[in-house]
Structure formats: C-alpha cells, structure tokens
Amino acid sequence: MECIFCKIIRGEIKSYKIYEDEHVVAFLDINPINPGHTLVVPKKHVENILDADPETISHVFIAVQKVAKLLMEKLGAKGVNIIHNAGREANQEIMHLHVHVIPRYSKDDIKLVDWWRSVVKKMDLEEIYRKIIG
Ligand code: AMP
Ligand code: ZN
C-alpha cells in the first residue's frame with residue numbers, strides 16, 4: 001500500500017516543505033483552514049501517536065514548536081492550534097502520523113475551540129474516573 005506522505009517525504013509528490021531535519025518534515029496542508037496551516041510529519045512511517053515510539057513523538061513535537069514559532073514570526077500569527085487526529089473514529093484520513101499546526105490571527109473566522117466547547121455533555125465523572133483508575 002502506497003502512503004502519500006511517504007511519497008512526499010521522498011520527494012515523489014510535490015509539496016511546499018517549510019521545515020526539514022533528520023527525523024521530520026513539515027509542509028503546507030493542501031486544504032488549509034488558515035494561511036500557513038502546516039502538517040508536521042516524521043520521516044519514519046508510523047500510523048499515529050498510539051503506534052509511535054517515544055523518540056519519534058519527541059522529534060515530531062520538538063519540530064511542532066519550531067514550526068509554530070516560524071509561522072508566528074513570518075506570517076504574523078498571534079497563536080496556534082495544534083491538532084493530532086489518531087484513528088479513523090477521530091477523523092484521521094491519512095494513516096501516517098501528522099500534527100496539524102494551524103496559525104491563528106486576530107479576528108480570523110475559525111470556530112475550532114468555540115465549537116469544541118459548545119458540545120459539553122452531562123455525564124457521571126465519578127463513574128468514569130473509577131473506570132480509568134480502578
Ligand atoms: P487528517 O484528517 O488529520 O488525516 O488530515 C489529513 C490532512 O492531509 C488533510 O488536512 C489534507 O488536506 C492533507 N493532505 C492530504 N493530501 C495532501 C497533500 N498531497 N499535500 C498536503 N496535504 C495533504
Ligand atoms: Zn507513510
């Protein structure tokens with residue numbers, strides 16, 4: 001099975017790479033939700049954070065911070081949302097680990113966190129807590 005992000009890493013598919021080091025590549029998302037929307041991807045093929053070894057996770061997140069700072073400096077972003085979708089139920093479409101770095105600008109029109117906080121569900125925290133720690 002051919003992985004599209006492995007092809008991007010090998011340079012077989014065009015991408016706009018904005019950062020690269022020994023372990024990681026970062027390139028612009030082809031369907032950006034804001035200017036500078038970037039995907040940070042390990043060169044090693046792993047599916048997602050659940051499948052990755054600690055070293056790979058560490059390389060990726062060190063690069064996430066560098067990319068976030070780069071976008072803030074060069075594009076004048078005022079903040080970033082960092083999103084990782086792990087598993088198809090969580091809307092992961094490409095099964096090669098990637099972290100979305102989404103620059104945020106004052107008065108941009110993105111409702112990401114507003115939406116997230118608007119779907120609060122009532123539930124029994126005590127019961128859930130017991131399941132997790134029990
Ligand atoms: P996810 O739902 O987290 O798996 O998101 C996959 C992301 O990959 C989407 O935001 C797509 O727009 C992006 N994407 C898919 N193909 C490409 C590509 N060839 N170059 C850049 N980004 C891509
Ligand atoms: Zn891959």
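In this predicted model, the largest pocket has a lining of 31 residues. Those that sit nearest its centre are Asp29, Asn31, His37, Leu39 and His100. Several helices and strands pitch in: α1 (4-10), β2 (24-28), β4, β5 and α3 (112-117) each give two or more residues to the lining. The largest share comes from α3, which supplies four residues. As for the make-up of the lining, 19 residues are nonpolar, nine are polar and three are charged. The space inside this largest pocket comes to about 950 Å³.

Two of the strands that help line the pocket, β4 and β5, also frame the next stop on the tour. Glutamine 92 is found in the loop that runs between β4 (79-83) and β5 (99-104). With a relative accessibility of just 3%, glutamine 92 counts as buried, because the cut-off for that label is under 20%.

What does glutamine 92 touch, once its neighbours within four places in sequence are set aside? The contacts are Glu47, Asn48, Asn85, Ala86, Gly87 and His98. With asparagine 48, the link is a polar contact between the two side chains, at 3.1 Å. The side chain of glutamine 92 also reaches a backbone atom, namely the oxygen of isoleucine 94, at 3.0 Å.

Lysine 111 is another matter: 19 residues separate lysine 111 from glutamine 92 in sequence, and their C-alpha atoms are 20 Å apart in space.

Methods:
Residues numbered from 1 in each chain as written. Chains lettered and ligands numbered in written order. Predicted model: local features only at pLDDT ≥ 70, side-chain atom pairs only at ≥ 80, totals over all residues. Heavy atoms only, no water. Buried < 20%, exposed > 50% of the residue type's maximum accessible area, 1.4 Å probe, protein only. Contact = heavy atoms within 4.5 Å. Polar contact = N/O pair within 3.5 Å; in protein donor to acceptor, adjacent residues only side chain to side chain. 1 Å grid on protein atoms, 1.4 Å probe; cavity = no way out; pocket = protein on both sides within 12 Å on 5 of 7 lines; lining within 4 Å. Points joined across faces, edges and corners; volume = space filled by probe spheres on them. Nonpolar A, V, L, I, M, F, W, Y, C, P; charged D, E, K, R; others polar.
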